[in-house]
2 protein chains.
Amino acid sequence: MNGLLTDLYELTMAAGYFETGKSSDIATFELTVRRLPKDREYVLVAGLEQAAEYLVNLSFTPDEIEYLRGLPVFGRVSRAFFETLRDFRFTGDVFAVAEGTPMFAGEPVLIVRAPIMEAQIPETYLLAAITFQTLIATKAARVVEAAGGRPVVEFGTRRAHTPEAGVLGARAAYIGGCAGTSNVLAGFRFGIPVFGTAAHSWVMSFPTEMEAFRRLQSLLGEHTVQLIDTYDPIEGARRAAALGKPIWGVRIDSGDFVQVSRQVRTILDQAGLSDAKIMASGDLNEYKIRDLRSAGAAIDAFGVGTELATSADAPCMGTIYKMVELLSGGARRYTLKLSEQKHTLPGAKQVYRFPDHDLLTRSEECHNGADALLKPVIIHGRPVDRLPDAAAARKNAAEWLRRLPGPLEVRRSPQLTALIEETRRNLA
Amino acid sequence: MNGLLTDLYELTMAAGYFETGKSSDIATFELTVRRLPKDREYVLVAGLEQAAEYLVNLSFTPDEIEYLRGLPVFGRVSRAFFETLRDFRFTGDVFAVAEGTPMFAGEPVLIVRAPIMEAQIPETYLLAAITFQTLIATKAARVVEAAGGRPVVEFGTRRAHTPEAGVLGARAAYIGGCAGTSNVLAGFRFGIPVFGTAAHSWVMSFPTEMEAFRRLQSLLGEHTVQLIDTYDPIEGARRAAALGKPIWGVRIDSGDFVQVSRQVRTILDQAGLSDAKIMASGDLNEYKIRDLRSAGAAIDAFGVGTELATSADAPCMGTIYKMVELLSGGARRYTLKLSEQKHTLPGAKQVYRFPDHDLLTRSEECHNGADALLKPVIIHGRPVDRLPDAAAARKNAAEWLRRLPGPLEVRRSPQLTALIEETRRNLA
């Protein structure tokens, strides 16, 4: 499954490794946060569950192999390579930081050690899977923090980069601290709480707003959230209030949230509905939520869509997947690239987290009194254990964010520094 | 399939329509570009093929229905509604503009007319499917224009918002004018040309760069693209040049592209390789490509990844899906919302394109001498015809972009204006 969901060069290189007799070389690749996204002090890692599922199921169908054979770039490649693809399975090892862990620039978050073809082909998929969910979990944590304890529901599937990205974005947003999502498939697949009641079309489908509200209330009872801004939010609030209980609350999706929410609060309170909540949605983000709170808006819950589902102010980040060592014919060689502003560090690594800093070390070092963040996830192609689910990752994130004093400095161990210097010397 | 890939409120509303006896009401919804993305003068519509596939296959599995029944929000909903979901199929009509058509703010690009439940549930998926590919096709057209005839290859799957978004983004980028993609699955599924040869890991996997280059050349022959910047791009260029033909060219992925590309050009020319091309990749976008061309960089082809695959400077756009009319119990009612800065226009529409402007009209108007852009795609739940494929959409886009004098003004017909005024009056 998903064998072709990669960049062509992963497959031409795989053919090359095969044809040059490197099939049994064991390569170690690291997926590293090269640079933090714009305006971020950390990233919350997410997407590991999807990355691991991909590796465990990675394979090629006969049709896919036939397609490859027909590409001109494979013209000189032997039939034996394509036969290898037929039985292709990932048989290597994976180490990764737990989902929900905050990480910093320069830190590896996932390490793959496998026969070189098996380590090379997954590059593209692993980068996309981890990068996207990490961006969204990070954005969610910021929005949730801005909301200061008021629940935030993820509403963004319609603006996500494909419907499927909406599902996985909802998962990541939940890990980042959202109370839930409007995406039903995310609820079904990942056990995430789902929320949602009615849109403007519900109101428009009845001759009067009052009838629409009455019908919704008798359908949903105490789950009723009346959307009050189809025509006029103040009139809408009066109509919702006139219907009394049962009601969860009202939602405002446009207009001046500060002014409107206060007027609506008064209307609800005067109708004896002081328990009824006010939810706001519509082009919200962490900055606007902070402003609304400072300005004294009477908002009890936030629905955040577009900006969260696309991480709109930082829709991309510099993650890389680079070879750090190679065991070939019994000899181990440490690898790096020196490309301008894009150099990499050789050797398999570990990240130890101390209370006030992270220590980037060689993988075999031991440091007492600190957590080793990269832990085995897949060994010899088999999952070590059931991975923590989205709820556990959400808890992990909340604990780290409570515990961390702020962004941590990333130091290098003396052994790692020595390896870097030695490897550079050998290349010169 | 994909029944749960929607927002929960689409399904609670569906239940509400069912329970309030509206199942046979016929609703018309329009998917409209409310606002253009930041820094865009038009959008190139894309994603229709995926939207139509979704509608034709839309259904619910028994497990999914059981999950819904267990949600508290459906506590008062009758068993009959869930039985209806078992046989749920889309039986309505869809009109849409052809993929690759440039459109402007305020214009509908897809219209759904169906029994109200069937028109409501697809809102979320249709918005995500069309919005994402439209963003990427639009970004691609800008990048391709900046490249001024030099081929642009889409390289962005690793930074796309999920691997699947990489596949569909590659499709959209091709529609927008890219020469092809590095995404193999996009090639397999959509017949898009695929490109790619080797990454830094290929070079690092051999003891010397020279050996890596020699091996790649014997593997790929005239398709060889040597990646020359793993250690030092000038040394890399000398090594590639020393190997002579066969070679397609070299790729530079870091450093000062202007200076390095010129030095590399000289090295290749002096080695008698004036046919060998220079490709540049690495954090490129339309602005940087334009600057490189003005500065006289010797670059023959561009690989564009992150910024294209995420439309990084404009990762979202304001598309909406709103009910515009409703046929209920034999009576037709035109619907709109008045929400502040988010109002909508009533009545099913058509867009006529004249040489120097677009005319937004009611759907039943006729205007000679202009193209009606919204054409039937699905009638009674069945595709009217095979949709144009990605290559045809790419051709359509290129023709429109050549023909259009610039952004078109969107005018409203007198009949549409009258309907808007009348509908507003009736609400007041």
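**Exercise 1. Find what share of the contacts in chain A with a separation of 6 or more comes from residues 24 or more positions apart.**

Solution. In this predicted model, residues 24 or more positions apart account for 71% of the chain A contacts that have a separation of 6 or more. Next, put the fold beside that value: chain A has 16 helices and 19 strands. Its C-alpha atoms fill a box of roughly 80 × 50 × 40 Å along the principal axes. Finally, look at burial: of the 428 residues of chain A, 58% count as buried.

**Exercise 2. Work out how chain A is divided into domains, and describe the side of domain 1 that touches domain 2.**

Solution. Start with the bounds. Domain 1 of chain A is made of 8–134 + 316–427, while domain 2 covers 138–309. Now take the centres over C-alpha atoms: 39 Å separate those of the two domains. Then turn to the contact, which takes 19 residues from domain 1 of chain A and 13 residues from domain 2 of chain A. On the domain 1 side, the elements giving two or more residues are β2 (43–44), α6 (123–147) and α15 (390–403) of chain A. Of these, α15(A) provides the largest share, 7 residues. By residue type, this side of domain 1 of chain A divides into 10 nonpolar, 5 polar and 4 charged.

**Exercise 3. Describe the side of chain A that touches chain B, by residue count, leading element and residue type.**

Solution. Count first: 86 residues of chain A are in contact with 85 residues of chain B. Then ask which element gives the most to the chain A side; helix α1 (residues 8–19) of chain A does, with 9 residues. Last, sort the chain A side by type, which yields 43 nonpolar, 28 polar and 15 charged residues.

**Exercise 4. Decide whether A:Ala165 is buried or exposed, and list what it touches.**

Solution. Locate the residue: A:Ala165 lies in helix α7 (residues 163–175) of chain A. For burial, the cut-off is 20 or more other C-beta atoms within 10 Å. A:Ala165 has 28 of them within 10 Å, so A:Ala165 is buried. Now list its contacts, leaving out residues up to four places away in sequence. Within chain A, A:Ala165 touches A:Phe132 and A:Ala160. Across to chain B, A:Ala165 touches B:His161, B:Thr162 and B:Ala165. To round off, take a residue elsewhere in the chain: A:Ala165 and A:Arg262 are 97 residues apart in sequence and 36 Å apart in space, C-alpha to C-alpha.

Note on methods
Residues are numbered from 1 along each chain as its sequence is written. Chains are lettered from A and ligands numbered from 1 in the order in which they are written. This is a predicted model: local features need pLDDT of at least 70, side-chain atom pairs count only at pLDDT 80 or more; totals for chains, interfaces and linings use all residues. Helices (H or I, at least four residues) and strands (E, at least two) are DSSP runs, numbered from the N terminus. A residue is buried if 20 or more other C-beta atoms lie within 10 Å of its own, exposed if 12 or fewer, and partly exposed in between; C-beta atoms are placed from the backbone. Two residues are in contact if their C-beta atoms, placed from the backbone, lie within 7 Å. Ala, Val, Leu, Ile, Met, Phe, Trp, Tyr, Cys and Pro count as nonpolar, Asp, Glu, Lys and Arg as charged, and the others, Gly among them, as polar. Domain bounds come from an automatic or database domain assignment.
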